[in-house]
Amino acid sequence: MTYTIPSAQNSSAQSTDAATHAAVSLVAPLSGRLVSIERVPDPVFAEKMVGDGISIDPTSQTLLAPCNGEVIQLHPSCHAVTIKSAEGLEVLMHIGLDTVTLRGQGFKPHVKVGDRVRTGDPLIDFDADYVALNARSLLTQIVITNSDLVAQFSPYSGNVTAGDVMLDLVLADAASEATVQAGATVTSEPIIIPNPTGLHARPAAVLVNLAKKYQSTVRLKRGDKEVSARSIVGIMGLEVGHGDKVQLIATGADAEAAIAELSEALRSGLGEEGAKPIAAPASVAQADNQAPPPRPRSEDPNVLLGVSASPGVAVGNIHHVQQQEIAVTETGGTPNEERRKLEQALGQAKREIEALRANVHKQGDPKKAAIFAAHQELLEDPEITDMATSAIDKGRSAAFAWKQTYTAQAETLSKLKNALLAERATDMRDVGGRVLRILTGVQAKTVSYPPNTILVAEDLTPSDMATLDRNVIGFATVAGGATSHVAILARAMDIPAMAGTEGRVLDLPDNMPVILDGSKGRLRLNPSQDEMEQVRHKQVKIKAKRERDLATKDEPALTTDGHRMEIVANIGNPEEAEKAVQFGAEGVGLMRSEFVFMERSAAPSEDEQTELYSRAAKLLGPSRSLIIRTLDVGGDKPLSYLPIPHEENPFLGERGIRIGFDRPEVLRTQLRAILRASKLGNIKVMFPMIARLEEFHMAKGMLEEERQKLGVAPIPTGIMVEVPAAAVIADQFAQVADFFSVGTNDLTQYTLAMDRGHPKLAPYCDGLNPAVLKLIGMAAEAANRHGKWCGICGGIGSDPQAVPILIGLGVKELSCSIPAIPSIKAQVRELSLPECQRLAQQAISANTADEVRALYSPPEL
Ligand code: PEP
Ligand code: MG
């Protein structure tokens, strides 16, 4: 059940007739960022002496009418104008602060007193550069001077485009009139949080994303504390634990719908596994909001305890990490200049994280990608940016304001009783540090460590981890726990790690020999020779096997009965083509061309792309083929300069080839570059996310048109089979496409309807699920029937447990991660085709992915 505060049935973007409507919405007269009136650095406005309202930090230069009405005042300096709406509201718009002193310079009015205007009509043009340089601030205030007519002000927040609704008002007489009409403010009934660990970062991020879909302001309330439901940090700061009671309050045109969807989402655990309606014993519910249990301490002076963060054992020597302290000066330029600096730094940080995310995605690592996605959310958190901006408005430099804000937020998070939330402090410091380095121009220190380093630190950030020195073979941190992002990263990197380690680890001298047991969360100091020997023995065997495989890397992958498999590489940039050859790749089965498009502010030119593709082809030489996949963005791979409107389900929306059809100029430019590069090498092209036959024909048609214009020879053209539909009608596709490459990462996601980046679903999102294998078999059979070939370029191509099954299903090519190539080739040489075919048959008849995995284990070392 919901209850409402009354207003009109209409709270559209225009002011409405008072006789019939109780609610009025004002639209933004300028584009820019909305700032709450209390934050305006001028007491006349901040203390609402003129009236209540809202402020905009503008990015446009023409002030528009926020509602229908009559111009009742235009200041002689033309920096302020008042419109009287049909309801009698007097809406004053004041461009900038202290702009009266400009005496009209930089302002050009379009209206005069007595004019009638409609919403969106231009009122005053102003020269933003001139005003910014010559007045105190460009902040433009929109204030209802007769605020007594208004019972309720509901300002919006965030960025607006001129014409968007920015302020909802409930008129005083209407408010007193009835509490039974449809309303602009809707409050949910109390909701009990079912999430086992409360609203930590991941469910909070889900809630934020849902709230962003609505125009209404949505707030989350626990006890007497209330925060914006669009602020991940705000939500985490509420420390909502399992079994806690919360309420949602929405104000705006779509408040009702917002409350309905968000309440339901909260009630059902925001998609989190294990979020069952409250049946947990009281002790569990209490535990969430109690201090975490005391960390284990060892009685043995030579053993330090912690918790397991990533399994595996390493023998090495301790080295300490020193965190970099960046000094900032308290004051800087004008607030406008400093705000712009901060905006630019935030923008650049977002692009960097986008690139990191793309990079880990390229490595087929959805868990890591999800971590950087959470970092992007933190950068967009209005609570954080508002705090920093407010400090800037008080005269602080951008760097000082930002450092102060993010360290305070991280501090707050780290003190939360809920351990899971407290661990997110590291993420806050990580993102914060990234922005601060951009603001100050201080480069991140690149440190290299001696071989066999076991890194010891108070804490490590995900960014530290993403650029970790190869000599680091394990790490132990004092902070963090099994659920920290760093732990997830360590597992993804396959290096042993422990977290929550006893603090005395920080006092150990550099170079001290230790054994780190990541599985047990145990650090053995000064181990005996025997102990070290045992661990080393196993490691030597692994190394010897690697060397054996490397020695035969250039030999073909022939099964014992002479069946040839082509083992090629997945690459993300031209330089990796060289590395692929060094590891014995017989070509490139997938070049993810996204790399050319990432980390830049505009799409790459045809010449730039031609150069990059040609470079990769040349590095491979004429005997190895290079399969370039056309741009595959959208879904979890956003591009800032190709904005895709908000989508309910981005993975089911405009991604892959669909972007190419929506922006044909981008696809055609890329196709021309690929065709031009094909003159220099053995290049093939394939299209991502093909679901319908028409899509292939359209894409192929564009390729053919460009080819004819360029007058070059045709090139083999294939499709990625990564949508189940393509596998199901593979027979039809095999008649027109030259080859198939199965993208098992997406094929698994779409077959099982499980987000490939979902950290909780990751264990079940297994490409060895019999349903996925069956589809791969269908694609391979269809290709073979029509004299074409089918390869695999998704993650399971590098999975030794999958290799014999894929061979048995009729796949001819495996495109692997570069380091896996020598061992996959060696493995193929140990298998026979009939044995693989038998395994494949068993696999597609198995009941579960676990059953499939139990069918075969790669040979022991
Ligand atoms: C896949 O989906 O398996 C694939 C190889 O493409 P990407 O991982 O780049 O989406
Ligand atoms: Mg894919």
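## Ligand 1 and the magnesium site

The shell around ligand 1 holds three nonpolar, five polar and eight charged residues. The model is predicted.

**Ligand 1.** The shell counts 16 residues, and R592, R629, G743, N745 and R756 come nearest to the ligand. Polar contacts to oxygen atoms of ligand 1 include these:

| Residue | Partner atom in the residue | Distance to an oxygen atom of ligand 1 |
|---|---|---|
| R629 | N or O atom in the side chain | 2.9 Å |
| N745 | polar backbone atom | 2.7 Å |
| D746 | N or O atom in the side chain | 3.0 Å |

On its own, ligand 1 has 290 Å² of accessible area, and the protein covers 100% of that area. Two elements give two or more residues to the shell: strand β31 (587-592) and helix α25 (744-752). Helix α25 supplies the largest share, three residues.

**Magnesium.** Ligand 2 is a magnesium ion. E722 (OE) and D746 (OD) coordinate the ion at 2.0 to 2.1 Å. E722 sits in the loop between β34 (717-721) and α23 (724-728), while D746 belongs to helix α25, so the pair ties together parts that are 24 residues apart in sequence.

Are the two coordinating residues, E722 and D746, buried or exposed? E722 has a relative accessible area of 2%, under the 20% cut-off, so E722 counts as buried. D746 is buried too, with a relative accessible area of 2%.

D746 thus appears at both sites. Its side chain has an N or O atom 3.0 Å from an oxygen atom of ligand 1, and its OD coordinates the magnesium ion.

Definitions and conventions: Residues are numbered from 1 along each chain as its sequence is written. Chains are lettered from A and ligands numbered from 1 in the order in which they are written. This is a predicted model: local features need pLDDT of at least 70, side-chain atom pairs count only at pLDDT 80 or more; totals for chains, interfaces and linings use all residues. Side-chain values use heavy atoms; hydrogens and water are left out. A residue is near a molecule or strand if one of its heavy atoms lies within 4 Å of it. A polar contact is a pair of N or O atoms within 3.5 Å; within protein, one must be able to donate a hydrogen and the other to accept it, and residues adjacent in sequence count only if both atoms are side-chain atoms. Accessible areas come from the Shrake-Rupley method with a 1.4 Å probe; for residues, only the protein chains shown count as cover. Helices (H or I, at least four residues) and strands (E, at least two) are DSSP runs, numbered from the N terminus. Ala, Val, Leu, Ile, Met, Phe, Trp, Tyr, Cys and Pro count as nonpolar, Asp, Glu, Lys and Arg as charged, and the others, Gly among them, as polar. Donors are N, O and S atoms within 2.8 Å of the metal (3.2 Å for Na, K and Ca); water is not among the atoms, so sites may look incomplete. Buried means under 20% relative accessible area, exposed over 50%, partly exposed in between (1.4 Å probe, protein chains only).
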